[in-house]
Amino acid sequence: MLYSLDEAKNAECAREMYERQDWVVPTFNGQLRTDKPPLHYWVMMGSYALFGVSEFSARLGSILCGMGTILLIFAFAWRHFNARVAWISALVLLASLHVGVQFRMAVPDPYLIFFLTLAWVSFYGWYQQRKKILNLAIFYTSLGMGILAKGPVALVLIFAAIGLFLLFQGAFRKVFRLWLVPGLAWTLVLALPWYLYVHEATSGAWTEGFFLKHNLERFKAPMEGHGGFFLITPLYVLIGLLPFSIFIPQAFVRAWKQRKEVPSLAFGLSIAIVVIGFFSFSGTKLFNYTVPSYPFVAVLIAAFLDSVLDQEMAWKKLRPSLITYGVLAALLPVAFYLGLRLDPVVSHLAGWAIIFLTFPLGAAAAWYRFRHGEFSRTMLALAGSFVVTAVLFFQLAYPIIDRENPVNQTISSINPEEKVIAYKQFNPAYVFYLNRSVDVVNTPEALQEVLSTEPSVIVISRTEFLPELSTFSELQELARKRDLFETPTTILFRKTPPPLPRSL
C-alpha cells in the first residue's frame with residue numbers, strides 16, 4: 001500500500017485530476033492542494049491511463065526517474081573521469097537504501113532529482129565545449145521541467161551550484177555566455193503557462209498557498225514538526241549514502257584540494273556544497289531534501305576510491321573508514337531490532353531485524369578482501385550487503401510490516417454504501433482506497449448534524465481528538481492503529497443505532 005501520507009495525497013490528487021481530465025487544478029479529497037506543482041501528477045495521470053489506478057502506476061514515474069538519474073551519472077563519470085569511476089558511482093547509488101526508497105515513492109522529489117541532474121550534466125557538457133547548442137537546449141528544458149516538478153527551488157539550486165563552480169574555476173564571466181535571455185525565455189515558455197492557468201483558475205489561491213506557505217514559510221521555519229539543528233542535514237547525507245558515505249570526508253577533502261586543477265571534481269563539490277548548505281539553512285529539514293546532491297557525491301566518492309586504488313599501500317587511506325564502518329555495521333542490526341521492539345505497532349515483528357545481519361557480514365567480507373589487497377572485491381562486498389538487504393527487506397519483510405498499516409487493516413470493514421466522514425484530520429490513504437471523497441467536519445456541532453441525519457456513519461480521526469469524540473455516545477470504536485512511519489494514531493468509529501426501548 002501507499003505507506004507515506006505524502007504518497008497517498010499525491011496519488012489521490014493525480015487520480016482526481018485524471019477522473020476530471022483536469023490538467024490544471026490539483027485537488028485532494030475535492031479540496032485545492034497547493035503543496036506542489038503538477039509534473040508528477042501529470043506523469044501519474046498518464047500512467048493511470050496506461051495501467052489503471054494503482055500503487056504501481058503512481059510510483060512508475062519515480063522508478064523511471066531513478067533509473068534515468070543513475071544512467072546520467074554513469075555517463076557523466078564515464079565521459080569526464082573513466083570507466084571505473086562510472087561503475088563505482090553507479091554502485092554507490094545502487095547500494096544506498098535511501099536511494100532505493102526515494103525512487104520508489106509517489107512523490108515529486110524523484111522528478112526534481114532527475115531534472116536537476118540532467119541540467120547539471122548538460123551544463124558541464126557545454127562548459128567542456130561539447131555540443132554547445134544541444135547541451136544548452138537540454139539545460140534550459142531541464143530547468144523548466146524542474147520548476148514544474150517542485151517550483152523555484154530548482155532555479156535556485158541549479159544556478160547557485162553553477163555560480164560556485166565558476167567561482168572555483170575563476171571563470172564566472174562564462175555565465176554570461178549561457179544565452180541567459182533566450183534560454184530563460186524558453187524555460188518560461190515551458191513552465192510559466194501552467195502557473196498562470198492555475199493562478200487564474202483558483203483566483204490566486206494556489207499561488208498564495210504554494211509560494212508563501214510551501215516555499216517561504218517552509219524555508220523560514222519548521223513545518224509539520226520537521227525541524228532540526230544545522231548539522232542534521234549533512235548527517236542525513238552520511239546516513240543516506242551508507243555504506244560508501246564512510247569515504248565522504250576523504251572524498252570531499254581531495255576534491256577541495258584539487259578544485260582548481262580538476263574541474264569535474266570542483267563541479268561535483270560545488271553541487272554538494274550548495275544542496276547540503278541550502279537545506280542546512282532551511283527551517284524545515286527532511287531526509288529527502290538533500291538527495292539531489294547524492295549523484296554527484298557518489299562521483300566524488302568514486303573518484304577518490306579510483307585514485308586510491310591506483311596507489312601502492314592504499315590500505316593506509318581506506319583502513320580508518322573501513323574500521324569505522326565495521327563498528328557501525330555491527331550496531332545497525334541492534335538498532336533496527338530495538339527500533340522495532342520499542343514501537344508497539346510493529347514490536348512483534350522485531351525478529352525481522354535479522355535481515356540486517358547482512359551489514360556486519362558484508363563488513364567482515366569487505367575487511368577480509370581488503371586485507372588481501374582485493375580492493376575491487378572490497379567495494380563489491382560493501383555494496384552487495386546493502387543490495388541484498390534491500391531485496392530481502394522489500395520482498396520479504398516490508399509486505400508483512402505493511403499489513404500493520406491502519407488503512408490496510410480497516411478498509412475492509414467499511415461498507416461500500418456506508419457514509420464515511422473524517423473528524424478534523426485523518427490518514428489520506430483512505431480516500432485513495434475508498435475511491436471517493438471523504439467529507440471532513442471540524443466542529444462537534446457539525447459532527448452531530450451528520451450523525452443525526454445519517455443512519456450509518458463511519459468516522460475516521462486521530463486519537464488526539466478522542467476527548468471530543470468520546471462525548472458522542474452513539475459512536476462505537478472499531479479500531480485504533482498508529483500510522484506506519486508516522487506519528488499520528490488513526491482511530492475509527494461507527495455510529496450504532498440507539499437501543500430499543502425496553503418493553504413493559
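## W120 and its core

Start with W120. Beyond its neighbours within four places in sequence, W120 is in contact with L157, I158, A161 and I162, along with F267, I271, V275, P292 and F296. Bear in mind that this is a predicted model.

W120 belongs to the largest nonpolar core, which has 108 residues. It is listed there with F123, F244, F247, F267, I301 and L305 as the residues with the most contacts inside the core. Helix α6, residues 109–127, supplies the largest share of this core, at 14 residues.

There's also a second core, separate from that one, with 16 residues. Among them are F28, A422, V431 and L492.

## The second largest pocket

Now for some empty space. The second largest pocket comes out at about 470 Å³. It has 19 lining residues, and L94, V99, G100, R104 and F394 are the closest to its centre.

Which elements give two or more residues to the lining of this pocket? They are α3 (55–80), α4 (83–95), α5 (97–102) and α17 (375–402). Of the whole lining, α17 brings the largest share, with six residues. By class, the lining of this pocket splits into 14 nonpolar, four polar and one charged residues.

## The cavities

How many cavities of 30 Å³ or more does the structure hold? There are two. The second largest cavity has a volume of about 40 Å³.

Lining this second largest cavity are W126, Y127, Q129, K132, K174 and R177. Sorted by class, that makes two nonpolar, one polar and three charged residues.

Note on methods:
Residues numbered from 1 in each chain as written. Predicted model: local features only at pLDDT ≥ 70, side-chain atom pairs only at ≥ 80, totals over all residues. Heavy atoms only, no water. 1 Å grid on protein atoms, 1.4 Å probe; cavity = no way out; pocket = protein on both sides within 12 Å on 5 of 7 lines; lining within 4 Å. Points joined across faces, edges and corners; volume = space filled by probe spheres on them. Helix = DSSP H or I, 4+ residues; strand = E, 2+ residues; numbered from the N terminus. Nonpolar A, V, L, I, M, F, W, Y, C, P; charged D, E, K, R; others polar. Core = buried A, V, L, I, M, F, W, Y, C linked by side-chain atoms within 4.5 Å. Buried < 20%, exposed > 50% of the residue type's maximum accessible area, 1.4 Å probe, protein only. Contact = heavy atoms within 4.5 Å.
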